[in-house]
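This report describes one protein chain, from its helices to its cores and its surface. The sequence and the model are shown first.

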Amino acid sequence: MAFGCCGKTFSCLFIFFNVIFAIVGLATVGFGIFLKVHPSTAQLLNLVELGNSSVYLANSAWIIIGFGALVLLVCFCGCVGAAAKNKCMLGLYIIFAVIIVIGEIGAFVVTILFVVRSDDVDSFQNTIAKTLADNYRPGRTKFTQPWDYVQATFECCAVSNYSNYAPVYANNTMEKVPVTCCKLSGAKEPDDPMPVSRTKCMDDSRKSDLEKSDFLHTRGCFQLLRDTVKQYSTVLLIVEAVIIAITIIGIIIAACLCRRGKEKV
């Protein structure tokens, strides 16, 4: 007898599983496109790209889009293979699914390292800080525009804190940070920032090791990003672990279908 009742149940379950997985793939592609076109995240990625410190992070949006497209391809192979009982398509499904699992495990490890280990993260942070100190100059739009946009939008200043701007404003005795590092009133417009009090903001910028201010953003943008990842790290790790487990289950079901596919209905 062909697949039999158990085999047909496997096929239906496998197709249903891949439809759900395809929705995840579409969401992943959509999220990658969002990262590329949304002004805030696009400018944030521009900062990483200008720093030349991580080609993978700078191209993370394209990597996410590619990953989502691979998931859709895997789902297509799985659905066609299960419906037609085609061992070749199921074999492709298994190969691509293994690649996805490897990528997911990599993402899982990177999340842990970003939260737990500090050496590599600190090195990356120092590289961006050096790029900021070397290249941020009034009128150099290529470097100033991304930083101003991120600082105004995310309410942060420089990389680790406002002191990163000390080399940039070394010859300026009155102002030690860009206006976008000040707390703004009304709309957060990086091209025409309106500080709550520019004078008091700049007064605070001349102070060292200031932890809190009513007029100046004292937290760095990189630290804000890291704190956000730490805040949601547990959720991220759980989601990644569940996706890995589901993918492995899909590989096992596909292998079972391949084995049963030797019989004809």
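In which helix does V19 lie? V19 belongs to helix α1, which spans residues 4-37. The model is a predicted one.

V19 is partly exposed, because its relative accessible area of 42% falls between the limits of 20% for buried and 50% for exposed residues. Together with L13, F16, I20, I23 and V24, V19 forms a nonpolar patch on the surface. The accessible area of this patch is about 530 Å² in total.

For the chain as a whole, the fold consists of 10 helices and zero strands. Of its 265 residues, 41% are buried. The accessible area of the protein chain is about 14500 Å², and 64% of it comes from carbon and sulfur atoms. Contacts between residues at least 6 apart in sequence join residues at least 24 apart in 71% of cases.

Two residues with a stated relative accessibility are set side by side below.

| Residue | Location | Relative accessible area |
|---|---|---|
| V19 | helix α1 (residues 4-37) | 42% |
| K188 | loop between α7 (141-154) and α8 (198-205) | 41% |

K188 is also partly exposed, since its 41% lies between the same two limits. Which residues does K188 contact, leaving aside its neighbours within four places in sequence? They are A152, T153 and E155. A152 is 36 residues away from K188 along the chain, yet their C-alpha atoms are separated by 5.7 Å.

Turning to the interior, the largest nonpolar core has 26 residues. Those touching the most other members are L132, Y136, W147, C157, V159, Y165 and V177. Two or more residues of this core come from each of α6 (119-135), α7, α8 and α9 (221-231). The greatest contribution is that of α6, with four residues. Y136, leaving aside neighbours within four places in sequence, is in contact with T131, F143, T144, W147, D148, Y165, V168, Y169 and P178. A second core, separate from this one, has 21 residues, including F21, M89, I253 and C258.

Which residues of α8 are buried? In α8, C201, M202, D204 and S205 are buried. These four lie on the same side of α8, because they cover an arc of only 155° around the axis.

Notes:
Residues numbered from 1 in each chain as written. Predicted model: local features only at pLDDT ≥ 70, side-chain atom pairs only at ≥ 80, totals over all residues. Heavy atoms only, no water. Patch = residues over 30% accessible without salt bridge, like charges linked within 9 Å, V, L, I, M, F, W, Y side chains within 5 Å. Areas by Shrake-Rupley, 256 points an atom, 1.4 Å probe, with all protein chains shown as cover. Salt bridge = Lys/Arg side-chain N within 4 Å of Asp/Glu carboxyl O. Buried < 20%, exposed > 50% of the residue type's maximum accessible area, 1.4 Å probe, protein only. Contact = heavy atoms within 4.5 Å. Core = buried A, V, L, I, M, F, W, Y, C linked by side-chain atoms within 4.5 Å. Arc of directions from axis to C-beta.
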